Amino acid sequence: MTFKVEPVRGFRDILPPESELMRIITKKFVDVVRSYGYSEVIPPTVELFELFATKSGPEISRSMYVFRDKAGREVCLRPELTASVVRMYIRSMLAEPKPVKVFYVGNAFRYEEPQLGRYREFYQMGVELIGDSSLYSDLELFLILRDYYKSLGLSEYSIKINDVGILRTLFTLWGVGEEVQDLILHYMDKKLYDEAVKILRGYSSADLKLFDEVTKVRTENPEELLETTKTLGMPEEAISRIKKLYEITSLMKALNVGNVIIDLSFARGLAYYTGLIFEVIVPNLNVSIGGGGRYDNLVELYGGPPTPSTGFALGVERTYLALKNLGLTDKLSSFDKVMLISLIDDYVYVDIIASTLRNAGYATSVRFTSKGKLGDVLGLASKKGYKYVVLIGEKELKSSKVTVKNLITKWQGELDVSELSRLGEH
Ligand code: HAM
């Protein structure tokens, strides 16, 4: 019998070097969020479908993997992790002092049309900041992004930003119910502006001129946001949201958080957002590498107390693609690779040398060979991207030395075993 070796459509086998770079990308994220005092949570992969049914938005609801388990429960593979974290918060973290700051790294599933950077299983790394409505809590998310992208060497990113509450305020004023609002915002997210207008035409109180003028506002200059919206005749609530958007984008600029693009027509696929929303975009990739926003009603919707919250998630594969497209992946590898070649079968001695190298931070792989085959093994080491070859033979064993070759600079010499941790100087 011959098996089909391809994975299921939309799923991927991830091999080195991509798998290794994805690990580094995730590790750096964990280092940064920990340095901001966030603690890890690990939500389950399978949840009851009802958790995502209401507030995921039409797009994600349609693309969910839903099935019945053997006991007949309607369950799904999580399409994202925020809803699970909120459920966990209500179940186990309500008594904790606020804000609760958590992070996660995990896979998510969406039955979407596969394309570059869009898969049916993908990895997200995210943070949720639960129980804080302050401007600083939103700002902190951007500071995390700034520091994280700096740690990756990524400077060419932009943050597209809006407050979905501006349009929601107008819609509510015009008598548009919440579910219809979600649908209009879904169309806007899909850039189907005419569909959005078509729905609004059904509401006699809807001011289509104002809708048109508001959704045309796009600027990289916070001052210009204030100028252009001043004369639009917006309701008080929308004006105060614009002022907050001005404040936060001015602070982002002052604190060197990427390139900020304010776009009042920008909407996001998920329906739980109530305020600030944002996406991270990079040149040469037409999908966002991260996204998030404020969801002040979700905890309450799931039966908890009113709890203003905010957060974001970044796509691990898309972050990798962004770095690859910009030629930044080479700089990411965290350790130099060493091939330790032994011409003698003294496993104890070889382990002493290998452990010394590993403790000094070198990824050390051991090979035993004979003098006659040494040339082949050296060839393999340079082909496979090893930086150093460390050689042990009878002569080296007797003198407590090793022979070292730097395959990049071509330096070669003998080092005392006690000097091995200083390999990097050669
Ligand atoms: P999202 O924008 O749906 O937001 O997903 C966040 C990120 O996950 C995207 O920016 C993208 O990098 C990655 N992503 C999404 N779908 C795919 C896919 N099919 N293939 C590869 N990567 C993908 C959320 O999921 C929210 N939970 C974010 C959030 C957290 N909002 C508040 N807190």
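1. Salt-bridge network first. Arg 9, Glu 113 and Arg 120 are joined to one another in a network of salt bridges. Bear in mind that this is a predicted model. The count of salt bridges comes to 25, and a few of the pairs deserve a closer look.

2. The pair I'd open in the viewer is Arg 294 with Asp 138, where the side chains meet in a salt bridge at 3.2 Å, N to O. Arg 294 belongs to strand E11 and Asp 138 to helix H5 (residues 135–152), so this contact ties together parts that are 156 residues apart in sequence. Both ends are covered: Arg 294 has 6% relative accessibility and counts as buried, and Asp 138, at 8%, counts as buried too.

3. Asp 263 and Arg 218 make another salt bridge, with the closest N and O atoms 3.1 Å apart. Here strand E9 (residues 259–263) supplies Asp 263 and strand E8 supplies Arg 218, so the pair links parts 45 residues apart in sequence. The two ends differ in cover: Asp 263 is buried, with a relative accessible area of 7%, whereas Arg 218 counts as exposed at 51%. For a pair of neighbours in the chain numbering, see Asp 147 and Arg 146, whose closest N and O atoms are 3.0 Å apart. Asp 147 is partly exposed, at 25% relative accessible area, and Arg 146 is partly exposed at 25% as well.

4. Now the sheet that holds several of these strands. It is open, has nine strands in the order E1-E5-E6-E12-E11-E10-E7-E9-E8, and its pairing is mixed. Strand E1 (39–40) and strand E8 (218–219) are at the edges with a single partner strand each, so one side of each has no neighbour in the sheet.

5. Within that order, strand E6 (residues 121–130) is mostly covered, with eight of its 10 residues buried. Strand E5 (residues 100–109) pairs with E6 in the antiparallel sense over 10 bridges; Tyr 104 has Gly 126 in E6 as its bridge partner. E6 also pairs with E12, again antiparallel, over seven bridges, and there Val 127 is partnered by Phe 312. Moving along, strand E11 (residues 290–294) runs antiparallel to strand E12 (residues 309–315), with five bridges joining them. Gly 293 sits opposite Gly 311 in E12.

6. Helix H15 (residues 374–383) has Leu 374, Val 377 and Ala 381 as its buried residues. Looking down the helix axis, these fall within an arc of 65 degrees, so they line one face of H15. As general background, an α-helix has 3.6 residues a turn, so residues three or four places apart point the same way. On the other side of H15, Asp 376 and Lys 383 are exposed. The cover over the buried residues includes strands E13 (337–342), E14 (363–368) and E15 (388–392). After H15 comes Gly 385, with a positive phi near 80 degrees.

7. A few surface notes. Tyr 347, Val 366 and Phe 368 make a nonpolar surface patch of about 290 Å². Phe 368 is in strand E14 and is partly exposed at 38% relative accessible area. In the loop between E14 and H15 you'll find Gly 372, which counts as exposed at 75% relative accessibility. Gly 372 and Leu 251 are 66 Å apart, C-alpha to C-alpha, with their positions 121 residues apart in sequence.

Notes
Residues numbered from 1 in each chain as written. Predicted model: local features only at pLDDT ≥ 70, side-chain atom pairs only at ≥ 80, totals over all residues. Heavy atoms only, no water. Buried < 20%, exposed > 50% of the residue type's maximum accessible area, 1.4 Å probe, protein only. Helix = DSSP H or I, 4+ residues; strand = E, 2+ residues; numbered from the N terminus. Arc of directions from axis to C-beta. Contact = heavy atoms within 4.5 Å. Patch = residues over 30% accessible without salt bridge, like charges linked within 9 Å, V, L, I, M, F, W, Y side chains within 5 Å. Areas by Shrake-Rupley, 256 points an atom, 1.4 Å probe, with all protein chains shown as cover. Salt bridge = Lys/Arg side-chain N within 4 Å of Asp/Glu carboxyl O. Pairing = 2+ DSSP bridges.
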